[in-house]
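Hi everyone, thanks for coming. I'd like to walk you through a structure today, so let's bring it up on the screen.

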Amino acid sequence: MPIEKLKSIINNQNFIALFLGAYFCSVLIPLIPILSYDYHNHQRIFQIILNVSVFIFALCRFIKKPRLELNITKNNSLLILYFLTCGLLSMFFSDENLFSLMYIIHFMLLFHLLIVSTNIKTKQAVLCFIYILVAAHISLILICFLNILFSLYDGSGLNRFNIYVGFINVRFFNQVQIFILPLLLLLLKNKHINKLIIFSIALNLLLMFIGHARGALLSWTVVLCFIVLSNSSLKKQAITSIYISVFSYLLFLYLNHLTNSEIEVIKTTTSGRYEIWLLTVSELNWGQLILGNGPGIFEISINNSSPFGHPHNSLIEILNEWGGLALVAIILLISNTIKQSYKHLKKYKKDKLTATVFYSWLGGITYSFVSGVHVMPVSQTLIFVTWGILLGRINKKVPLTISKNKSIKVILCILSFILLTTYLYLCLKSYDIIDPEQGYIVGPRFWSVGKRFEL
């Protein structure tokens with residue numbers, strides 16, 4: 001194959017979209033053999049492969065090209081840099097420096113993935129990614145649909161643990177759903193797949209009701225209301241989705257009564273979330289409020305229960321681990337994105353593609369206030385990929401000139417190699433100390449059996 005042709009393929013936005021789509025197929029379709037213990041570790045391993053591969057790919061382009069283009073504003077770039085710097089400062093004052101270092105490098109690679117994802121700008125590339133992602137997810141929920149039919153046939157009731165597949169925790173499943181549902185709104189107008197999309201929305205909502213996913217349902221409701229009030233071009237699809245949601249709820253009530261499952265969707269308990277939030281904030285001193293306890297090392301126990309690996313709230317988690325300075329940076333970064341997106345959609349009212357990506361990302365951010373969307377491998381990757389695609393659609397390219405000095409490039413390449421080597425070593429080290437016989441902690445942080453190591 002000619003070198004020039006190969007370069008054009010590698011630089012093609014569609015190639016990036018296909019590569020990301022292949023990743024989500026590998027972690028969503030529960031037909032690939034589990035690599036390690038369970039699908040959570042399977043998904044984490046593939047996330048590590050994705051992050052490292054994308055970084056190496058970008059490094060190769062950096063070596064070849066003296067001039068790059070970013071689809072992200074200077075202010076947002078500085079906020080990302082400031083956020084990561086706060087994490088490094090927090091790491092130095094942490095009691096578990098080594099584990100925090102792994103977690104910081106992990107987030108460095110995630111933000112790099114965000115920047116690479118901004119290159120998916122064209123309608124063709126974005127649709128390519130969306131179709132692959134939606135197709136992979138539909139294959140997942142169709143297996144769940146079969147499990148519903150089997151449960152009805154054998155009279156075992158609507159047991160969510162028997163119905164949900166591919167995730168060790170049903171909430172991890174719901175976290176992916178909240179990203180997919182807004183994307184389905186875009187495909188509702190496609191006459192060729194209209195019925196399949198309606199069925200997919202209905203089945204997704206039915207699964208949420210079966211899993212009594214209150215946070216996911218609340219996030220979905222917020223997104224639908226926001227669309228109806230602010231976007232006339234997608235208002236019809238949003239209203240249709242509201243009708244589908246009502247139908248799914250009525251179907252759930254019927255099946256629940258038919259099988260005597262007695263599933264409660266509207267629970268009055270907080271599942272310990274409020275207690276965790278209040279205890280986490282109350283235990284912080286002034287030093288921790290500013291710099292945090294160290295990225296990735298959150299752990300708290302309520303009433304002598306198994307320790308929770310995260311507080312089910314992204315803002316409180318960042319405050320506890322990264323500190324108040326980092327929290328301000330991430331709030332400004334998210335606020336800037338929402339503000340830029342709103343201005344773009346107000347100016348280009350018929351840009352449904354950007355709108356659905358925005359609502360997908362916004363749904364995930366909203367759900368992160370009551371769940372671990374920002375922690376688990378699949379939903380965590382979805383946050384940064386949809387964020388990147390969104391920024392790529394709403395921002396103009398910003399030229400970035402890289403020094404032609406070979407010495408500087410060699411030094412940067414060596415530092416990048418050290419960074420990747422350190423990351424892979426720490427990931428492998430943390431993986432090696434897993435002991436499945438000791439059982440799972442509540443809410444895994446990195447691997448399914450959340451253990452940490454020290455120097």
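Let's start with a small puzzle: does Lys-343 count as buried or exposed? Before I answer, please keep in mind that this is a predicted model. Okay, here we go: Lys-343 has a relative accessibility of 54%, and the cut-off for exposed is over 50%, so Lys-343 counts as exposed. You'll find Lys-343 in helix 15. If you look across from there, Ile-394 is 9.0 Å away, C-alpha to C-alpha, although 51 residues separate Lys-343 and Ile-394 in sequence.

Staying with the surface for a moment, please turn to helix 18, which covers residues 406-432. Phe-417 is found in this helix, and with a relative accessible area of 59%, Phe-417 is exposed too. Phe-417 also belongs to a nonpolar patch on the surface. Its partners there are Ile-408, Val-410, Ile-411, Leu-412, Ile-414, Leu-415 and Ile-418, and the patch has about 750 Å² of accessible area together.

Now let's go inside. How many cavities of 30 Å³ or more are there? The count comes to three, and the largest has a volume of about 270 Å³. This largest cavity is lined by 19 residues, and the closest to its centre are Phe-107, Ser-314, Ile-318, Ile-330 and His-374.

Which helix gives the most to that lining? That would be helix 14, with five residues. Helix 14 runs over 314-321, and the helices that each supply at least two residues also include helix 5 (97-117), helix 15 (324-347) and helix 17 (377-394). So helix 15, where we met Lys-343, comes back here as one of the helices behind the lining. In character, the lining divides into 14 nonpolar residues, three polar and two charged.

Last stop: two histidines for those of you who like backbone torsions. Most residues other than glycine have a negative phi. His-212, however, has a positive phi of about 35°, and His-312 has a positive phi of about 60°.

Where do they sit? His-212 lies in the loop between helix 9 (194-210) and helix 10 (214-230). His-312 is found in the loop between helix 13 (286-291) and helix 14, and helix 14 is the one that gives the most to the largest cavity's lining. And are these histidines buried or exposed? Buried means under 20%, so His-212 counts as buried at 12% relative accessibility, and His-312 counts as buried at 13%.

That's my tour, thank you for listening!

Notes
Residues are numbered from 1 along each chain as its sequence is written. This is a predicted model: local features need pLDDT of at least 70, side-chain atom pairs count only at pLDDT 80 or more; totals for chains, interfaces and linings use all residues. Side-chain values use heavy atoms; hydrogens and water are left out. On a 1 Å grid over the protein atoms alone, a cavity is a set of points where a 1.4 Å probe fits but cannot get out, and a pocket is an open set with protein on both sides within 12 Å along at least five of seven lines; lining residues have an atom within 4 Å of a point. Grid points are joined across faces, edges and corners, and a volume is the space filled by probe spheres set on the points. Helices (H or I, at least four residues) and strands (E, at least two) are DSSP runs, numbered from the N terminus. Ala, Val, Leu, Ile, Met, Phe, Trp, Tyr, Cys and Pro count as nonpolar, Asp, Glu, Lys and Arg as charged, and the others, Gly among them, as polar. Patches are made of residues with over 30% relative accessible area and no salt bridge: like charges are joined within 9 Å, nonpolar side chains (Val, Leu, Ile, Met, Phe, Trp, Tyr) within 5 Å. Accessible areas come from the Shrake-Rupley method with a 1.4 Å probe; for residues, only the protein chains shown count as cover. A salt bridge is a side-chain nitrogen of Lys or Arg within 4 Å of a carboxyl oxygen of Asp or Glu. Buried means under 20% relative accessible area, exposed over 50%, partly exposed in between (1.4 Å probe, protein chains only).
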